[in-house]
Amino acid sequence: MLRRFNVQNGLSTRLLWYDLWNSSNGYIVKNIEGIEPVEAEISTTVLAGIEGVTIDSALRRSRNIVVTLGLQPTATATIEDLRREAYADMMVGWPLLLIFEDMDGTIRETRGTVESNQANRFSKDPEQVISFICYDPDFIKREADIYQVPYSELKSGWSHTYTGTSPTGVAVSAMLNGSIPSGSYFRISNQSWVGAKRLTIDQNISITPGQNSLSINTAPGYRRIDLWTSSLIGSLSNNHEWGMLMPGPNTITLDFKDSISDSTNVMVSYTKRWGEL
């Protein structure tokens with residue numbers, strides 16, 4: 001259950017808070033719309049002579065969050081003071097960080113831009129209604145989840161349960177102690193896919209001492225597989241697929257043969273994502 005809605009604007013490090021249960025600062029959150037899963041835009045094609053349609057894509061677009069604040073005068077602020085403060089702190093067109101805090105302390109956030117900020121001036125219950133357009137349909141956890149996993153476990157398949165409700169990419173980094181043989185691979189499998197998403201190196205790759213760090217990232221927009229500062233994307237097999245963690249049990253496998261020592265700790269990290277609050 002939501003406890004507090006916080007805002008940090010792009011021009012200040014000051015954190016503004018709006019409580020669902022406490023109006024001591026003059027504001028109380030009366031309603032928040034747009035925190036359920038974003039509807040998908042489904043594109044289809046009609047084929048002549050065939051009933052029904054074929055689906056081309058199903059994509060979620062931006063999220064529209066609308067917050068209604070009740071204005072309650074305090075010993076130091078009138079209704080007009082509170083209204084002007086809300087206008088100034090959430091000016092139309094400003095980028096904002098929106099932070100949502102649950103009763104159990106869970107914090108999820110998203111970034112957006114103020115679309116509108118409207119006051120109901122002639123009501124006996126003064127309100128301020130602010131609309132935000134958020135370009136990521138998901139809410140994210142600010143701090144990444146980070147695990148140090150022995151390579152011996154990853155080589156045989158490390159089981160991990162992901163508790164987010166939207167897919168998320170995985171970042172992996174490790175130090176190599178020898179050349180990368182052809183057939184080395186990184187794979188993620190889970191119950192949501194038939195088979196597994198796999199990145200396979202299809203050629204032998206030598207390493208230079210001091211430049212032996214391997215990094216892989218499967219997050220959309222950040223996808224890469226690098227050896228030190230050199231990209232290995234050109235060394236991947238033609239049928240490679242970038243795996244994502246899906247809600248529930250997942251198995252992550254990193255098998256780079258003997259180029260990594262079994263006792264080496266591999267860093268596995270990801271940003272938890274939710275499609276709703």
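**Aromatic rings and the largest pocket**

In this predicted model, the charged end of R4 is placed over the ring of W17, at 4.8 Å from the ring centre. A second arrangement of this kind involves R198, which lies over the face of Y185, 3.7 Å from the centre of the ring.

Aromatic rings also meet one another, and the structure contains eight aromatic pairs. One of them joins Y18 and Y27: the ring centres are 5.3 Å apart and the planes stand at 85°, so this pair is edge-to-face, given that angles over 60 degrees fall in that class. Both partners can be placed with respect to the surface as well. Y18 has a relative accessibility of 2% and therefore counts as buried, the cut-off being under 20%. Y27, with a relative accessible area of 1%, is likewise buried. These two tyrosines belong to one aromatic cluster, in which they are joined by F5, F100, F132 and F139.

Attention now turns to the largest pocket. The space within this pocket comes to about 580 Å³. Two elements each give two or more residues to its lining, namely strand 5 (54-60) and strand 20 (265-270). Of the elements, strand 5 contributes the most, with three residues. In total, 22 residues line the pocket, and those nearest its centre are P167, T168, P220, M244 and R273. By character, the lining of the largest pocket divides into 13 nonpolar residues, five polar ones and four charged ones.

How values were computed
Residues numbered from 1 in each chain as written. Predicted model: local features only at pLDDT ≥ 70, side-chain atom pairs only at ≥ 80, totals over all residues. Heavy atoms only, no water. Phe/Tyr/Trp six-rings, centres within 6.5 Å; stacked < 30°, edge-to-face > 60°. Buried < 20%, exposed > 50% of the residue type's maximum accessible area, 1.4 Å probe, protein only. Lys NZ or Arg CZ within 6 Å of the ring centre and 35° of its normal. 1 Å grid on protein atoms, 1.4 Å probe; cavity = no way out; pocket = protein on both sides within 12 Å on 5 of 7 lines; lining within 4 Å. Points joined across faces, edges and corners; volume = space filled by probe spheres on them. Helix = DSSP H or I, 4+ residues; strand = E, 2+ residues; numbered from the N terminus. Nonpolar A, V, L, I, M, F, W, Y, C, P; charged D, E, K, R; others polar.
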